[in-house]
Amino acid sequence: MVCLPRGSTMWRLLLQGGATVRCTTAAVNRGPITEPRGGTGVNAEGARPGAQAVYRALAVLDAFSSSRPAMTIAEIAEATSLTVPTAHRIALALADQGFLNRDEVSRRFSVGPAVLRLAQLTDIGHSAFAHVGPLLETLRAETEETVGLHVRVGSRRVCLRELESPHRVRVVSGIGHTYPLTAAAASKAILAWLRPDQIGSVLGEAPPGLDQVKLRADLRQARHDGYAISFGETIPGAHAVAAPVLDSSGEATASVNVTGPAHRLPESRLREIGGELSQKLHLIHQSRHVPPQMNNLEDFAPCTR
């Protein structure tokens, strides 16, 4: 199994209603709860100035998982790299607001009812892309690979829904994880169908090492083909193909991708899947209205699987 660090507890609970993510490609440079890099007002550590306490509180919540559902203060401090006094203050504050429970006997903390209450709201935004659901089911059955729906949020994309491959060795993005729009098929399938000024804005926030000449060539090829492909751009050995989900203006608000290990998805197979996927999404675009691009993570809530 292509297993990488688990998805965050907050994303699982708030965006999946408690479902778990076993494998994810979101492992690269993933630290404790940071804002998306490259946006305005974000410092070198990935946190907005003045919001350190918020990030620390989120890091505490993020530390809980199915493998460690309850922790002592010392364990929370170790998991978050916070000092014991800081972890203690944050845990007590979260407990006061119902985001954590505290067992007075064992002195262990666990996720509280406030998080579960928020989790009940997670199906609100799913209806906007509900018509794509049957396509995901069909794709997974036909390809036997992981398929996902990725929604544009500003200059990034977030995995809104994902159906995992039945194979033991598989690649999974992880519901709720965010990625830049400058790498991997799911990102390029969105970026290629944006306006030139929007593309320029995204590239303006890209890291210095990005080969923008190659990326622009990839975008032109994607527009020509109707789909984008990638070879190990997010994780070595993982191949992917994706096509855009367009709104009424013809701009991409999301993309649907198929991803798996390279030995099962050579370029020829990617292009075969890409052509069929592009045609199916084109039919959806002709028959359905897709909502405009969302600018904030708060604009939607992913569905449960």
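The following paragraphs lead through a predicted model of a protein chain, from its overall make-up to its cores, a helix pair and two loop residues.

The protein chain contains ten helices and nine strands. Of its 305 residues, 49% are buried. Among the contacts with a separation of 6 or more, 60% are made by residues 24 or more positions apart. The chain presents an accessible surface of about 14,200 Å², and carbon and sulfur atoms account for 53% of that area.

The interior may be taken next. The largest nonpolar core comprises 26 residues, and the residues with the most contacts inside it are Leu 149, Val 256 and Leu 281. Both helices and strands supply this core: two or more residues come from each of α6 (133-143), β4 (146-153), β5 (156-163), β8 (238-246), β9 (252-261) and α10 (267-287). The greatest contribution is that of α10, which gives five residues. The surroundings of Leu 281 illustrate how the core is joined. Leaving aside residues up to four places away in sequence, Leu 281 touches Leu 135, Ala 243, Pro 244, Val 245 and Val 256. Val 256 is thus a contact of Leu 281 and is also listed with Leu 281 among the residues with the most contacts inside the core. A second core, separate from this one, has 20 residues, including Leu 181, Ala 186, Ile 190 and Leu 191.

Attention now turns to a pair of helices. The axes of α3 (residues 73-80) and α4 (residues 84-96) come within 9 Å of each other and cross at roughly 110 degrees. Because angles of 65 to 115 degrees count as roughly perpendicular, α3 is roughly perpendicular to α4. On the α3 side, the contact is formed by Ile 73, Ile 76 and Ala 77; on the α4 side, these residues meet Val 84, Ala 87, His 88 and Ala 91. Classed by residue type, the contact has six nonpolar residues, one polar residue and no charged residues.

The loop between α3 and α4 holds Ser 81. Its backbone merits attention: phi of Ser 81 is near 65 degrees, a positive value in a residue other than glycine. Ser 81 is exposed, with a relative accessible area of 69%.

A positive phi is also found at Glu 144, where the angle is near 60 degrees, again in a residue other than glycine. Glu 144 lies in the loop between α6 and β4, two elements that each give two or more residues to the largest core. With a relative accessibility of 39%, Glu 144 counts as partly exposed.

Notes. Residues are numbered from 1 along each chain as its sequence is written. This is a predicted model: local features need pLDDT of at least 70, side-chain atom pairs count only at pLDDT 80 or more; totals for chains, interfaces and linings use all residues. Side-chain values use heavy atoms; hydrogens and water are left out. Helices (H or I, at least four residues) and strands (E, at least two) are DSSP runs, numbered from the N terminus. Buried means under 20% relative accessible area, exposed over 50%, partly exposed in between (1.4 Å probe, protein chains only). Contact means heavy atoms within 4.5 Å. Accessible areas come from the Shrake-Rupley method with a 1.4 Å probe; for residues, only the protein chains shown count as cover. A nonpolar core is a set of buried Ala, Val, Leu, Ile, Met, Phe, Trp, Tyr and Cys residues joined through side-chain atoms within 4.5 Å. Axes are lines fitted to C-alpha atoms, for helices over the stretch in contact, and angles run from 0 to 180 degrees between N-to-C directions. Angles under 35 degrees count as roughly parallel, over 145 as roughly antiparallel, 65 to 115 as roughly perpendicular and the rest as oblique. Ala, Val, Leu, Ile, Met, Phe, Trp, Tyr, Cys and Pro count as nonpolar, Asp, Glu, Lys and Arg as charged, and the others, Gly among them, as polar.
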